[in-house]
Structure formats: structure tokens, C-alpha cells
Amino acid sequence: MQGGNVIIYGGSGAIGAASARAFARAGASVHLVGRTPRKLHAVAGAIIREGGDAHTAALDIFDGEAIRQHAETVAARGGIAVGMVAIGVGHVQGRAIADLSLDEFEAPITAYMRAHFIAAKAVAPHLSADGVFIALSTQAATLAFPGMLGFGTTCAAIEGFIRHLSRDLAPRGARAVCIRCDAIPEAVEAGSHSAEVFAAAARAQGVSVSAMLADAARATPLQRLPTLTEAAACAVFAASPAAKTMTGAVINLTGGVS
Ligand SMILES: NC(=O)c1ccc[n+]([C@@H]2O[C@H](COP(=O)([O-])OP(=O)(O)OC[C@H]3O[C@@H](n4cnc5c(N)ncnc54)[C@H](OP(=O)(O)O)[C@@H]3O)[C@@H](O)[C@H]2O)c1
């Protein structure tokens, strides 16, 4: 990754920050995008103190023109090696269709698909020949769970987006990869939006968040949930020469549950 530019949308979040640190340790220049300067500076500061190279841009992913200009500015310093979407958007989980409005169903689908399109549109023209666009999904992309109509459909759409985007990127040699990840308990502790999403889902089941996550771990063949370090390591692997034939693909971090 030496000197390669890595843009992480949602770079101040739980998975985004862990991935930024991992990319920086691999020698990349990381560019963190999020709305809150304080959160961005905290992550960039930690990376710089470790000897890494980090830059921040306080932008809203839904401001397509600002995102396009930012990618162009980053690319002027030697192209873009990685564009990663680690945006987290609050949404309803835990309510079945009888108690779900059209707006609540549609909200995560619209938000996540717009975010992925805007990021990919900004990054794609500048991706280096061995560059990669990385997205995140969950096992709800292929498995059915109660109360997941909106977000489960979103996850399936993200994986479909990556599959089709891979064909658009292939002529320039660039790739698209999705990391399908089970719930990460550490993300809740790190202040992820998932804390609120999981709290509502747990309430609907009449259990605590920690009990719900313990059940989720037991439901996996490996009896464990992924860590932030593992998710970040997968992102670095997806960008490495070892993955240069991997595109339109899903890296599965669900302990065998899907
Ligand atoms: N956490 C998990 O257990 C888990 C498991 C599997 C998959 N995932 C997926 O991984 C992704 C990231 O999850 P996470 O837990 O790391 O989320 P998170 O900790 O809540 O981080 C979300 C990031 O997105 C940024 N963001 C939110 N809205 C934005 C906007 N409009 N424009 C720009 N930046 C925005 C946030 O910063 P600002 O709020 O300052 O903008 C923050 O940097 C999500 O798509 C989630 O579905 C998470």
C-alpha cells in the first residue's frame, strides 16, 4: 500500500476507523470522510501519532458534488488505490411489516444505495489499475430474519451493487469487493450507530443487547462474532495483490452462518 491513497467514507466510525488504522499501518495515505470534524480528527490524530499519514474531510456523503471534488483532489496526489464505504445510517430493525411504514422500509435502502452510488461514481474514474472499491453488508443479504425487511433488503442490494459495479470497473483493471460481516460487539462499545439499532431489535425480542449478541454468536457454526481488527484486516486483504483476481465477490466474516 506504500503511499497509495485510501478514501474511507465513514472513516470516523467503528469499522471505518479500524480499517483506516490498518491501511495506514500498511503504508497507505488515508483520507477520512464523515460529517463530524471532532470524530475525524480523533481518528486521524491517533494514526499520525502512530507514524501514519491521515487526512480528514468533513463532508456529507449525500452531497454528491462535494464528494466528487474531494475524490478528484485526493486523486491529484497519485490516483486512488481504495474507496471504502463504511457509512452507518440509523434505521428501524425489529419491527415486522405490520408495524413498519413505507418510509421506514425505504429509508435504509435509499440512504445506503445513494451513499454507495455517490462514492463509487466519485472514486471510479480515479481508481488505479489494481485499485478496489470496498463495501460492507451483513448476512441479512442472503438469510431471512424477523424485523429486517428494510435493512435486509439493503444488504442484498449492496452485494448486488458490488457484483454489477465489478463489471464496470473491470475494463480499467480495478475491482469491487463486499465484506459481509456479522454483528461486531466492539462496534457497539465504540459508539456505532448499531448500538441504537441493536437496542431496538433487542427490545423487540425482550432481551438485552449483550444477550442478543451472545445468542447471535451461539447461532454461528464457529460460535463467535467478528472483531473490528478482523473486519479491518479483510479490507486490507481485499486491497492487496493477494486478492488481485477477486472481484464482484463477497468476503464472508459471519462465522459460517451464511
Ligand atoms: N457495527 C456492526 O456490527 C456491523 C456489522 C456488519 C456490517 N456493518 C456495516 O458497516 C457499516 C459501518 O458500521 P459501523 O458500526 O462502523 O458504523 P458507525 O460506527 O456508526 O460509523 C458510521 C460512520 O459513518 C459516518 N456517517 C454517517 N452518516 C454520514 C453521512 N451522511 N455523511 C458522511 N458520513 C456519515 C459517521 O460519521 P458522522 O456521523 O460524523 O458523519 C461515521 O464515521 C454500516 O453500513 C453497517 O451496516 C456494521
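Hi everyone, here is a short walk through the central strands of this structure, its ligand shell and a few single residues.

First, some housekeeping. Residues are numbered from 1 along each chain as its sequence is written. This is a predicted model, so local features need pLDDT of at least 70, side-chain atom pairs count only at pLDDT 80 or more, and totals for chains, interfaces and linings use all residues.

Let's start with the ligand. Around the ligand there are 26 residues, and Gly10, Gly13, Arg35, Thr36 and Gly88 come nearest; a residue is near if its C-beta atom, placed from the backbone, lies within 6 Å of the molecule. Which helix gives the most to this shell? That is α1, residues 14-25, with three residues. Helices here are DSSP runs of H or I with at least four residues, strands are runs of E with at least two, and both are numbered from the N terminus. Sorted by class, the shell has 12 nonpolar, 11 polar and three charged residues. For that count, Ala, Val, Leu, Ile, Met, Phe, Trp, Tyr, Cys and Pro are nonpolar, Asp, Glu, Lys and Arg are charged, and the others, Gly among them, are polar.

On to the core. In soluble globular proteins, nonpolar side chains tend to be buried together. Here the largest nonpolar core has 82 residues, and Tyr9 and Ala231 have the most contacts inside it. Such a core is a set of buried Ala, Val, Leu, Ile, Met, Phe, Trp, Tyr and Cys residues joined through C-beta atoms within 7 Å. Buried means 20 or more other C-beta atoms within 10 Å of a residue's own, exposed means 12 or fewer, and partly exposed is in between, with C-beta atoms placed from the backbone. If we leave aside neighbours within four places in sequence, Tyr9 is in contact with Val33, Ile61, Met84, Val85, Ala86, Ile87, Ala115 and Ala119. Contact means that the two C-beta atoms, placed from the backbone, lie within 7 Å.

Now please look at strand β5, residues 127-137. Eight of its 11 residues are buried, so β5 is largely enclosed by the rest of the structure. On one side, β5 runs parallel to β4 (residues 80-85), joined by four bridges; two strands pair if DSSP finds at least two bridges between them. Val82 stands opposite Val132 of β5. Val132 also stands opposite Arg175 in β6, and six bridges join β5 to that parallel strand, residues 175-181.

The connections are worth tracing on screen. β4, helix α4 (residues 102-123) and β5 make a right-handed β-α-β unit. β5, helix α5 (residues 149-169) and β6 make a right-handed unit as well. Right-handed means that, with the strands pointing away from the viewer, the path from the first strand over the helix to the second runs clockwise.

How many residues of β6 are buried? Seven of its seven are. Arg175, Val177, Ile179 and Cys181 point one way, while Ala176, Cys178 and Arg180 point the other way. β6 also pairs in the parallel sense with β7 (residues 249-253), over five bridges, and Arg180 has Asn252 as its bridge partner there.

Arg180 leads us to the loop between β5 and α5, where we find Thr138 and Gln139. Thr138 is buried, with 24 other C-beta atoms within 10 Å, and Gln139 is buried with 23. Beyond the neighbours within four places in sequence, Thr138 is in contact with Cys155, Arg180, Cys181 and Asp182. With the same neighbours left aside, Gln139 touches Arg180, Asp182, Thr254, Val257 and Ser258 by the contact cut-off. Gln139 and Arg180 are 41 residues apart in sequence, yet 6.3 Å apart in space, C-alpha to C-alpha.

One last residue: Gln223, in the loop between α8 (209-218) and α9 (228-238). Is Gln223 buried or exposed? Gln223 is exposed, with 10 other C-beta atoms within 10 Å. Most residues other than glycine have a negative phi. Gln223 has a positive phi of about 60°, although it is not a glycine.

That's my tour, thanks for listening!
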